[in-house]
Amino acid sequence: MWDIDILPTTRWRRAIILVDMNAFFASVEQQDYPELRGQPLAITNGEQGTCIITSSYEARAFGIKTGMRMKEAKLLCPHLIQVPARPHRYTEKSTAIMEALISITPDIEIFSIDEAFLDVTQCQELHGSPETIGHLTQQTVYNASGLLSSIGVSGDKTTAKYAAKLDKPNGFNVIPPWEAKKRLQHVPVTELCGIGKGIGAFLAKHDVYTCGDMERLPISILAKRFGNQGRRLWYMCQGADPESVHTEISAPKSMGHGKIMPPNTKDVLTIKTYLMHMCEKLGARLRGNNLRAQAFFVGLRNRDFGWLGKSGKCLQPTDDSKDIYQLGLRILKECWSGEPVFQIQVTAHDPRGAELQLDLLATHDEKRQKLNGVMDAINARYGAFTLMPAPLLKRSSMPNVIAPAWRPGGPRQTI
Ligand SMILES: [Mg+2]
């Protein structure tokens, strides 16, 4: 696993494909609304969103980038069209694509809502060469969604991901494993997925700027600073990333909901309504994934971008929104003394499978559990918050945002 392919062979010892949808959210909008085709679009969170989540290729040609403010973007492209995000539609489309990819191989890692790694090593006898399987993948995505994607084919995850971004949209790039080291040689290390500014700065201190420089750095220096992940970096830069395609969705280490509130919110009732809303969402998500947690972080964010909040514990592991809400009220009473705030966050630490937590001394309120069950069933059928505690009628109508860790059927749906 840790040694490097150096000789060309017809059957690759390891073959990895990365599929990346092109301007995914914007492409879905242009597909659903033909009048938007060929237009510069900026997707924002709701009609009032000020920050650009993503944009169409037509907008990118004007220099529009993710994270840019709408105001700033309009200066670059006055006829930019603002389109509110439709997370539900994007997850629906993504699920259809991911399900179709399973027809090629079950060894899929869904890397984000619009990206997936396929380990096709075992498919070469069935489907043909990695290059052929790459074309099959692009066609399969198109048939399932009507959308274009970029494909990278190589012998490891990092090189496949690099290959996929070489030409977009509708790109197709094959880097055979025995050429990977040479192809990456002059590529800046920070171009590789997983090497951000922090690691980049550390490497620069050791005179490593391009992937080719990495070979001269003793692997022990990386291992000492970053552990196993450091060793991986050394191999990644030489076109031999040992990381395997992870097909399992692991249990989340935390699960939370947060929301931006109107600026300078000071009103206790408003804050309590937001708190209840977040607790109801979190409780429903814990129950939906058959998880419970005992420790929760509850906090409000103020102008100085500091959190007024802390973590606290419920008496026992719970998935009941009312328990979380009661804890939240206690925490806010301690940490918040009326200063203006603009954001709320409620996060469950280390949620665990509910069935593992049968505590003999626990006295779960059976009536409340039944009520939660009925409420969840109705909301699953008729839409989130069809049934809810009365104060939530005044809750925020801002749409949900898709969490970066969203997976079809996974525990993370929105943040
Ligand atoms: Mg993409």
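Me: Strand S7 has two faces; which residues lie on each face, and are they buried or exposed?

Reply: In this predicted model, Ser 149, Ile 151 and Val 153 lie on one side of S7, Ser 150, Gly 152 and Ser 154 lie on the other, and all of them are buried. The strand spans residues 149–154, and six of its six residues are buried.

Me: With which strands does S7 pair, and in what sense?

Reply: Strands of a sheet pair through backbone hydrogen bonds, either parallel or antiparallel. Here S7 shows both senses: with S1 the pairing is antiparallel over six bridges, while three bridges join S7 to the parallel strand S8, residues 172–174. Val 153 serves as a convenient marker. Its bridge partner in S1 is Ile 17, and its bridge partner in S8 is Val 174.

Me: How does the chain cross from S7 to S8, and what is the handedness of the crossover?

Reply: The path runs through helix H7, residues 157–164, and this β-α-β crossover is left-handed.

Me: How many residues of H7 are buried, and against what do they pack?

Reply: Eight of the eight residues of H7 are buried. Among them are Lys 157, Lys 161 and Tyr 162. The buried residues pack against strands S1, S6 (115–119), S7 and S8, and also against helices H8 (177–184) and H11 (228–236).

Me: How many residues does the largest nonpolar core have, and which have the most contacts inside it?

Reply: This core has 60 residues, and those with the most contacts inside it are Ile 17, Ala 42, Ile 43 and Cys 237. Strand S1, residues 16–21, supplies the largest share of the core, namely five residues. At least three residues come from each of domain 1 (24–87) and domain 2 (90–236). A second, separate core has 24 residues, including Leu 327, Leu 332, Ile 344 and Val 346.

Me: Which residues does Ile 43 touch, apart from those up to four places away in sequence?

Reply: The residues touched by Ile 43 are Phe 25, Ala 26, Glu 29, Ile 52, Ile 53, Thr 54, Ser 55, Val 83 and Ala 85. One of these, Val 83, is also the bridge partner of Ile 43 in S4. Strand S2, residues 41–44, is joined to S4 by four bridges, and the two run parallel.

Me: What is the order of the open sheet that contains S2, and which strands stand at its edges?

Reply: The three strands follow the order S3-S2-S4, with mixed pairing. Strands S3 (52–55) and S4 (81–84) stand at the edges; each has a single partner strand, so one side of each is left without a neighbour in the sheet. Neighbouring strands of this sheet are turned by 35 degrees against each other on average, direction ignored. Helix H1, residues 24–32, lies across S2, S3 and S4 and runs at about 110 degrees to S2.

Me: Why does Ala 295 count as partly exposed?

Reply: A residue is buried if 20 or more other C-beta atoms lie within 10 Å of its own, and exposed if 12 or fewer do. Ala 295 counts as partly exposed because it has 16 C-beta neighbours inside 10 Å.

Me: Where is Ala 295 found, and with which residues is it in contact beyond four places in sequence?

Reply: Ala 295 is found in strand S10, residues 291–302. Leaving aside neighbours within four places in sequence, Ala 295 is in contact with Ser 311, Lys 313, His 349 and Asp 350. The C-alpha atoms of Ala 295 and Ala 348 are separated by 6.1 Å, although these residues are 53 residues apart along the chain.

Notes: Residues numbered from 1 in each chain as written. Predicted model: local features only at pLDDT ≥ 70, side-chain atom pairs only at ≥ 80, totals over all residues. Core = buried A, V, L, I, M, F, W, Y, C linked by C-beta atoms within 7 Å. Domains from an automatic or database assignment. Contact = placed C-beta atoms within 7 Å. Pairing = 2+ DSSP bridges. Right-handed = clockwise from strand over helix to strand, strands pointing away. Axes fitted to C-alpha atoms, helices over the stretch in contact; angles between N-to-C directions.
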